[in-house]
Each structure stands twice: as structure tokens, then as C-alpha cells.
Amino acid sequence: MSTAVAKPKSSALPAKKSKLTWPVVLLLIALALVLFAVVGAVTGNHGLTSSGQISAALSSAVPIAMAGLGGLWSERAGVVNIGLEGMMVAGTFCGAWGGFLVNPWVGLLAGMAGGALGGLLHALITVTFGVDHIVSGVGINLLIPGICAYMNRIYYKDYVADGAGANQSPPADSLPSFTLPGLSSWLDGIEKHHWFLVSDVAGIVRGVVTDLSVVTLIAAAFLVASYFVLWRTVFGLRLRSCGENPTAAESLGVNVYKYKYLAVITSGAFAGLGGAYLSLVAAHFYRDGQTQGRGFIGLAAMIFGNWMPGGLAAGAGLFGFTDSLQLRDADSVHVLLLVVAIAMTMLALWHFYRRKFVAGAISIVVAGGVALWYATTEAVQRPLIVATPYVITLVVLALAAQRLRMPKADGQIYRKGQAK
């Protein structure tokens with residue numbers, strides 16, 4: 001007599017989320033370039049891909065990228081750092097102070113040191129004393145700007161003749177910038193012809209190779225180096241293990257406290273570099289309220305990039321582009337509405353193709369609303385232009401929420417020996 005053996009039911013595996021690969025990324029970039037070229041040809045406004053717009057976007061992206069890189073280092077080690085805004089303020093003050101007293105190169109180092117001190121304070125409060133990370137970050141964002149504003153009023157009161165005031169420091173010397181003269185001039189000629197797509201690409205490339213600050217090159221080097229350090233070295237593996245499972249890391253002999261301290265201090269140094277960029281490159285002096293929330297936008301760029309340097313750089317570029325729009329021609333912002341309407345329509349078609357009808361319907365409604373806005377207006381009001389970076393931040397985070405994968409132990413209070 002044979003007995004039927006019941007076959008175990010295969011467990012349903014969770015659907016694997018599609019991952020962006022380099023071919024897909026390059027295809028998206030190509031589609032974006034074609035879209036901008038088409039809109040420029042239809043409207044006659046090529047401001048969105050002009051070299052001036054790209055140069056301004058790159059300048060705005062650097063402090064955001066450095067703040068986001070600081071957040072990446074900290075959160076990869078398991079410490080949430082919303083105090084980046086305060087650390088950036090420390091970088092603006094210390095950078096301008098060092099640049100005025102000595103030279104701007106010392107100012108850069110002083111800005112990083114000021115941010116690192118803020119990171120050390122955050123590490124002491126969260127790692128050693130076990131205070132909630134959000135509470136500590138909020139406290140730093142309140143404490144450091146107050147200290148810097150007070151020190152500015154006290155220290156620079158005798159330097160009024162040098163340009164100091166109650167809310168700003170005396171100006172510091174400029175840092176060097178680079179331009180590839182032959183290439184820049186050649187691309188300028190191509191850009192002015194307004195050839196379809198070719199002139200748009202020429203404008204973008206010219207914006208990257210014209211009047212490029214040395215700090216921009218340093219920031220790009222830090223982004224690349226961070227990837228290799230965190231993902232290609234034993235040090236990086238141990239640091240990331242502290243953000244994924246600190247208890248398991250401790251059982252393997254990793255000094256979790258040390259790695260968390262190093263990560264948070266480095267986080268503050270990067271944020272300080274972003275602040276020093278604002279006071280030494282963008283403005284040449286410290287001013288109250290100079291960061292304008294870029295520390296929080298940097299966190300948003302880090303989240304948009306899924307805690308990866310490459311995605312962070314893309315997010316910083318996007319937010320820097322929208323941030324720089326308020327410095328450019330308002331007509332370009334109006335043209336951007338048409339770009340958004342077409343992009344949302346394409347996104348809706350993609351959702352319908354993948355049978356995501358709810359998402360597709362929402363996208364088509366948004367596309368129709370933005371298209372109606374473009375068709376019934378001739379310009380975008382100035383307050384809306386100023387608010388664009390913050391609106392884009394919220395929209396991008398909402399759209400990217402389904403793909404996020406934060407470190408598992410991010411924000412958790414760790415105590416040595418807690419597994420015993």
C-alpha cells in the first residue's frame with residue numbers, strides 16, 4: 001500500500017524590485033536631453049540647458065552634495081544626523097573666519113574642523129550617552145547657529161571698516177577656479193547656434209568646464225573616494241556593519257563605538273566643507289541664515305539616492321538645478337512647467353504599460369494640471385520660484401519612497417554588550 005506524500009508548498013518569494021543599471025540610467029539621461037531639446041525648440045527658450053544655468057546648478061549642488069555625503073557616512077554607521085544644518089552653519093562661520101584671518105585654503109580646513117566639532121558633539125550625545133538621535137540633531141541645529149551669530153557680533157565688532165556687520169563677517173579672498181579656454185570657446189560657438197540637441201549638449205558641457213571652482217573638484221573627489229572607502233575596503237565594511245547589525249559586528253570584534261564616532265565626525269566635516277563653500281566660494285563672507293535649509297535638502301538628496309554616493313550625486317544635481325532657477329530668468333521656470341507636464345505624461349504611460357492604473361491615473365492628472373498651468377499663465381510668480389527646491393524635495397521623496405532601503409539599525413540606540 002503506497003502512501004501519498006504531500007509535497008511542501010513552495011513559499012512565495014517577494015517580488016524583486018527592479019534595480020537601476022547603467023544602461024537604464026544612460027537611457028534616462030538621453031531621454032531627458034531629448035525632452036529639453038524638444039521643449040527648447042518648441043518654445044524658443046533654451047535657458048534650461050544654457051551654460052549659465054548649468055554652471056549655477058553645479059554651484060548650488062556642491063553644498064547640498066556635501067551635506068548629503070555627511071548624512072550618508074553617519075547613517076551608514078547607524079546614526080541619524082539631522083544636525084547637518086547646524087554643522088553647515090559652523091562650516092560657514094569657521095570657513096569665513098579662517099579665510100579672513102589667514103587665507104581661503106585655511107578657511108576650507110577651518111570650515112571642515114568646525115563641522116567636525118559639531119559631529120563630535122552629536123556623536124558624544126548619541127553614541128556615548130544614548131540620547132535619541134533626532135533630539136540631539138534638533139538641539140545642534142538650534143545651538144550652533146546661535147553660537148555663530150553671537151560670536152559674529154562679538155568678534156567682528158572692531159572690523160566694521162573691513163565690511164563686517166552685525167549679521168556678517170568681513171569678506172575673504174577668492175579661491176581659484178578653472179576654465180578650459182579652448183574647449184569653452186568652441187562650445188560657446190556651438191551653443192549660440194541653437195542646433196537641435198547638439199547645442200543643448202554643448203551648453204551643458206560648457207557649463208561644467210567653465211569657471212569651475214577648485215572646491216567643486218574637491219567635492220567630486222570626496223564623492224568618488226567615499227564610494228571606494230565604504231564599499232571597497234575592510235574599514236568601510238566594518239563601518240557599514242555598524243549600521244546594519246551592530247550586535248553582530250561587536251561579536252566579530254568590531255569596536256562599534258569607534259566606528260560610529262569616526263563616521264559622525266567625518267559626517268560633520270563634510271557638512272562643514274559644504275558650509276565653507278557657501279562662505280568662501282558662493283558669497284566670500286559669513287552671513288546669518290546663509291545655509292537656507294541646505295542641510296535638510298542634503299538629507300533629502302541622500303534619501304533620494306538610497307544611501308548610495310551615485311544616487312546622492314544625482315539627487316544633489318536635481319535639487320541644485322531647481323535651487324539655481326531662482327537666480328536665473330523667470331521665463332525658464334515657466335518653460336520648466338511644460339517639461340514637467342510632458343515628463344509626467346510619459347510616466348503615466350509607463351505606469352499604464354505596467355498595469356499600475358492608480359499611479360498612472362495620478363500621473364496623468366498631475367500632467368494635465370501642470371499643462372493647464374503653463375497654458376493659462378505667462379510667468380511663474382516669484383514666491384513660487386523661491387519655493388521650488390522645497391516642493392521638488394517633497395515630490396521626489398514621495399515618488400522614491402517605494403525604492404528606499406535604509407540601513408537596518410539606522411537610528412537605533414546601541415549599547416555595548418546588549419546581546420548578552
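**Exercise 1. Which residue forms a salt bridge with lysine 192, and how many Å apart are the closest N and O atoms?**

Before we start, a word on the model: it is predicted, so local features need pLDDT of at least 70 and side-chain atom pairs count only at pLDDT 80 or more, while totals for chains, interfaces and linings use all residues. Residues are numbered from 1 along each chain as its sequence is written, and side-chain values use heavy atoms, with hydrogens and water left out.

*Step 1.* Take the criterion: a side-chain nitrogen of Lys or Arg within 4 Å of a carboxyl oxygen of Asp or Glu.
*Step 2.* The partner of lysine 192 is aspartate 188, with the closest N and O atoms 3.3 Å apart.
*Step 3.* Lysine 192 and aspartate 188 are four residues apart in helix 6 (residues 181-193), so about one helical turn separates them. Helices are DSSP runs (H or I, at least four residues), numbered from the N terminus.
*Step 4.* Lysine 192 is exposed, at 59% relative accessibility. Here exposed means over 50% relative accessible area, buried under 20%, and partly exposed in between (1.4 Å probe, protein chains only).

**Exercise 2. Find the partner of glutamate 244 and place both residues in the chain.**

*Step 1.* Glutamate 244 makes a salt bridge with arginine 405, at 2.8 Å between the closest N and O atoms.
*Step 2.* Glutamate 244 sits in helix 9 (residues 234-244) and arginine 405 in the segment after helix 16 (382-400); the pair, 161 residues apart, links distant parts of the chain.
*Step 3.* Salt bridges with shared partners join Arg76, Glu244 and Arg405 into one network.
*Step 4.* Glutamate 244 is partly exposed at 24%, and arginine 405 is partly exposed at 39%.

**Exercise 3. Why do cysteine 94 and cysteine 148 not form a bond?**

*Step 1.* A disulfide is counted for a pair of cysteine sulfur atoms within 2.5 Å.
*Step 2.* The closest cysteine sulfur to that of cysteine 94 belongs to cysteine 148 and is 6.2 Å away, which is too far for a bond.
*Step 3.* By this rule, the structure has zero disulfides.

**Exercise 4. Is helix 12 (residues 294-304) largely enclosed or open?**

*Step 1.* Eight of its eleven residues are buried, so helix 12 is largely enclosed by the rest of the structure.
*Step 2.* Among the buried residues are Arg294, Ile297, Leu299 and Met302.
*Step 3.* After helix 12 comes asparagine 306, which has a positive phi, near 60°.

How values were computed. Helix = DSSP H or I, 4+ residues; strand = E, 2+ residues; numbered from the N terminus.
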